[in-house]
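User: I have this model open and would like a close look at how its sheets are put together. Could you take me through that part in detail?

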Amino acid sequence: MDHLDVGRYWDGNADAWTRLSRAGYDVYRDRLNTPAFLAMLPGVAGLQGLDIGCGEGTNTRQLAARGARMCALDISRRFILHARQAERDEPLGIRYLLGSAVELPFRDGAFHFCTAFMSLMDIPENEQALREAHRVLRPGGFLQFSITHPCFDTPFRRNVRDEAGRTIAVQIGDYFGAGGPRVDRWTFGAAPPEAREGVEPFTVPRFDHTLSDWLNAVVDAGFEVEQVGEPVADDATVAACPDVQDTQVVGYFLHLLARKARR
Amino acid sequence: MDHLEVGRLWNESSDTWSSLSRAGYDTCGLCLNTPTFLAMLPDVAGLRGLDIGCGEGGRTRDLARRGARMTGMDIAPRQIAHARDSVGSGIDWVVGSTAELPFADQSFDFATSLMVLDSVPQYGPALHEAARVLRTGGFLQFSICHPCTNNVPHRRKLRDENGRLYAVELGDYFQTGFYGIHEWTFGAAPAELRANLVPMRGVLIHYTLSDWLNALIRAGLRLERSEEPRAPDELVAAMPEFADEQCVPQAWIVRARKPATPPTAP
């Protein structure tokens with residue numbers, strides 16, 4: 001399975017994903033993951049930025065709202081169509097392009113910064129994607145990306161819940177891999193049954209990458225790791241949105257801020 | 001719980017530690033963690049090296065055999081006494097604490113620390129101290145119990161009916177700091193031998209992955225390499241108890257360098 005195959009899966013997910021996430025059912029993104037990402041992000045006002053794997057563009061629009069001049073790219077044609085529609089409805093000056101993270105259609109040094117929200121772990125050629133991000137950054141520019149936490153989002157994974165349904169622990173295994181790619185089927189748990197009616201679950205290809213695979217790939221691409229985050233929902237957030245309580249038990253996401261050396 | 005209390009527990013464990021590890025019962029270190037650590041280590045021949053938390057000095061001697069001019073430091077005087085008993089190594093043995101390394105700035109070309117820093121209550125200052133005694137361009141390579149899959153306050157092994165470890169159960173990952181004292185020994189040592197020895201005691205202190213990486217960065221060190229030892233199939237064939245080490249990693253090994261150029265960040 002390569003990045004083009006993955007793109008076909010995501011193209012199949014794109015319509016339902018766009019509808020359900022824009023309806024507010026991607027609560028992990030909205031309540032925790034994107035706010036923590038933006039809290040860690042250096043100032044981007046006035047900077048030229050590239051959002052890699054932008055999907056329907058919600059996160060890209062948050063970057064544009066912070067004053068960045070954004071270009072955004074996704075491998076799914078339908079995601080890009082949804083993103084462009086949002087740009088027409090409410091223009092923020094974002095340029096959306098159909099393309100792959102493993103062969104970015106930009107010249108060297110074209111951007112001050114790159115972001116990738118929860119997209120790089122879906123790319124089997126993640127090392128090549130990191131090298132490409134490094135290539136299109138100008139010296140001194142940065143990449144910030146989020147992925148599912150490689151130590152806890154393992155091939156074997158079960159949540160242990162108490163009688164009230166709260167996660168009290170997670171079980172992980174097959175950390176070093178379960179023998180190649182597999183396809184998970186899931187949907188946003190926060191979406192009520194009526195919202196899910198007639199919607200097929202997402203089909204998401206998964207790849208085996210350990211923590212060390214990620215850290216070494218970032219270093220080998222030429223980056224200097226500058227900051228690391230593992231977002232955790234605070235009690236007020238959990239009180240307002242009990243779905244994200246499980247993020248208090250183990251790490252769900254890993255955020256990395258990495259910089260290209262100034263030469 | 002401070003570093004002196006940790007040092008006292010470790011000092012009391014010295015005789016058991018050195019007799020069992022020298023008899024070859026630290027099989028996990030011997031067969032997996034140390035070989036992985038040494039395979040990842042850059043060439044150290046001719047370099048001045050500091051082994052932080054050297055214990056009875058077994059690994060320090062491994063480094064000296066690779067041609068490094070080694071200093072071994074430990075907080076426990078009895079460990080250092082055992083280290084000095086070992087013959088013909090040409091190693092300097094020093095009693096000292098990670099909280100305040102008894103060496104001048106830039107004294108060493110490299111520093112190592114094997115399965116020590118996760119027992120140090122003040123791991124941030126310890127990394128600063130390690131960075132301070134390194135020359136510009138020098139490196140620190142250390143191993144700790146894996147902060148995500150092993151050294152976590154709630155952890156339980158899950159085995160199937162054949163005894164095969166298929167998962168570990170984890171929780172309280174974000175509850176950081178001291179969480180207990182454990183009494184332990186090497187499972188590979190025969191029961192009758194263990195019965196005659198004082199059990200070893202150590203502290204359990206947990207910090208998250210990001211705590212560790214951000215502390216390294218704040219200490220002025222640049223991440224260079226990460227490894228998580230996995231038991232190779234040949235090792236499991238020879239010693240089936242190592243099958244556990246194919247499920248999740250027990251240890252995490254990190255190398256970071258004191259950069260010749262200051263960090264790029266504004």
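Analyst: Happy to; here is a walk through the two sheets, followed by a pair of helices.

First, some housekeeping: this is a predicted model, in which local features need pLDDT of at least 70 and side-chain atom pairs count only at pLDDT 80 or more, while totals for chains, interfaces and linings use all residues. Residues are numbered from 1 along each chain as its sequence is written, chains are lettered from A and ligands numbered from 1 in the order in which they are written, and side-chain values use heavy atoms, with hydrogens and water left out.

Let's start in chain B, where 7 strands form an open sheet in the order 3-2-1-4-5-11-10, with mixed pairing. Strands here are DSSP runs of E with at least two residues, helices are runs of H or I with at least four, and both are numbered from the N terminus; two strands pair if DSSP finds at least two bridges between them. At the edges of this sheet are strand 3 (92-95) and strand 10 (222-227) of chain B, each pairing on one side only. On average, neighbouring strands are turned by 20 degrees against each other, direction ignored. (Axes are lines fitted to C-alpha atoms, for helices over the stretch in contact, and angles run from 0 to 180 degrees between N-to-C directions.)

The other chain also takes part: helix 7 (residues 211-220) of chain A packs on this sheet, touching strand 10 and strand 11 (251-257) of chain B, where contact means heavy atoms within 4.5 Å. The direction of helix 7 of chain A makes about 145 degrees with that of strand 10 of chain B. Within the sheet, strand 1 (residues 48-52) and strand 4 (residues 108-114) of chain B run parallel, joined by 3 bridges, and B:Asp51 stands opposite B:Thr112 of strand 4.

Now for the second sheet, an open one of 4 strands in the order 6(A)-7(A)-7(B)-6(B), with antiparallel pairing. Strand 6 (156-161) of chain A and strand 6 (154-159) of chain B each have a single partner strand, so one side of each is left without a neighbour in the sheet. Here the average turn between neighbouring strands is 25 degrees, direction ignored. In chain A, 6 bridges link strand 6 with strand 7 (residues 167-173) in the antiparallel sense, and A:Phe156 has A:Gly173 as its bridge partner.

Finally, the helices: helix 6 (residues 123-133) and helix 8 (residues 209-218) of chain B pack at about 35 degrees, with their axes 9 Å apart. Among the residues making this contact are B:Tyr123 and B:Leu127 of helix 6 and B:Trp212 and B:Leu216 of helix 8.
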